[in-house]
Amino acid sequence: GGDYDSIFYGPPRPSNLDIQINNGDAATNSRNVTLNLSADNAFECRYVNEGEPWSAWQPYTTTRSWTLIDGFGTKTVYYQCRNEFGEIDSDGGDYDSIFYGPPRPSNLDIQINNGDAITISRNVSLNLSANNAFECRYINEGEPWSAWEAFVTNRSWTLTPGAGTKTVYYQCRNQFGEIDSDGGDYDSILANV
């Protein structure tokens, strides 16, 4: 008889896996991203877009180019590693998500009556520009915002009654409701009405 015990001797399982898409950015306007990766005791790793099959096992690396699945919306990439004996990390891997869609509007510019300093009419023209704008809205200082409207480069507008400096604010958003990161633009004009 007798008694015996056995123990496996070999490298530890991978641990402390971490994946970040584009250094942890919240959004991207490109399907081509960089996976920033880390893991302890990793020999090989694999990756997958949610809803697709896993990639082949590949040697461990700290960065990797990756293409997100097509279609706008939140995209999730999963990451798994194994050691030289094929033992997968005990937590089952890690994942990160990023929003993929059109970029936020940028470079907004509004000019009242082509940048005139003075007007003698409450009815003015707004000269507008923006990159990546889908819808925009407008407001006279002290009043509620207008409804969201399709982006245009020129729009008629009515200033608030009375003489004095009048300020009009301008804001745009993309197809997913993301507002320009600067919060919009504004212009002022002196009204002698």
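## A tour of two disulfides and two asparagines

Start by selecting Asn107, which sits in strand S9 (residues 106-112). Strands here are DSSP runs of E with at least two residues, while helices are runs of H or I with at least four residues, and both are numbered from the N terminus. You are looking at a predicted model, in which local features need pLDDT of at least 70 and side-chain atom pairs count only at pLDDT 80 or more, while totals for chains, interfaces and linings use all residues. Residues are numbered from 1 along each chain as its sequence is written, and side-chain values use heavy atoms, with hydrogens and water left out.

Stay on Asn107 and look at its backbone: phi is near 55°, a positive value in a residue other than glycine. Is Asn107 buried or exposed? Asn107 is exposed, its relative accessible area being 56%. The cut-offs are under 20% relative accessible area for buried, over 50% for exposed, and partly exposed in between, computed with a 1.4 Å probe on protein chains only.

Next, select Asn41, in the loop between strand S3 (32-40) and S4. Here too phi is positive in a residue other than glycine, with a value near 60°. Asn41 has 40% relative accessibility and therefore counts as partly exposed.

From that loop, move into strand S4 and pick Cys45, then add Cys81 to the selection. These two cysteines form a disulfide, with their sulfur atoms 2.2 Å apart; the criterion is a pair of cysteine sulfur atoms within 2.5 Å. The pair links distant parts of the chain, since Cys45 belongs to strand S4 (residues 44-49) and Cys81 to strand S7 (residues 73-82), 36 residues apart. Turn the view to look along the S-S bond: the torsion of Cys45 and Cys81 is about 100°, so this disulfide is right-handed. Cys45 and Cys81 are both buried.

Now for the other pair: select Cys136 and Cys172. Their sulfur atoms lie 2.2 Å apart and form a disulfide. What is the handedness of the Cys136 and Cys172 disulfide? The torsion about its S-S bond is about 100°, so the bond is right-handed. Cys136 lies in strand S12 (residues 135-140) and Cys172 in strand S15 (residues 164-173), so the disulfide ties together parts 36 residues apart in sequence. Cys136 and Cys172 are buried as well.

To finish, show both pairs together. The count comes to 2 disulfides, and with bonded cysteines counted along the chain, their pattern is 1-2, 3-4.
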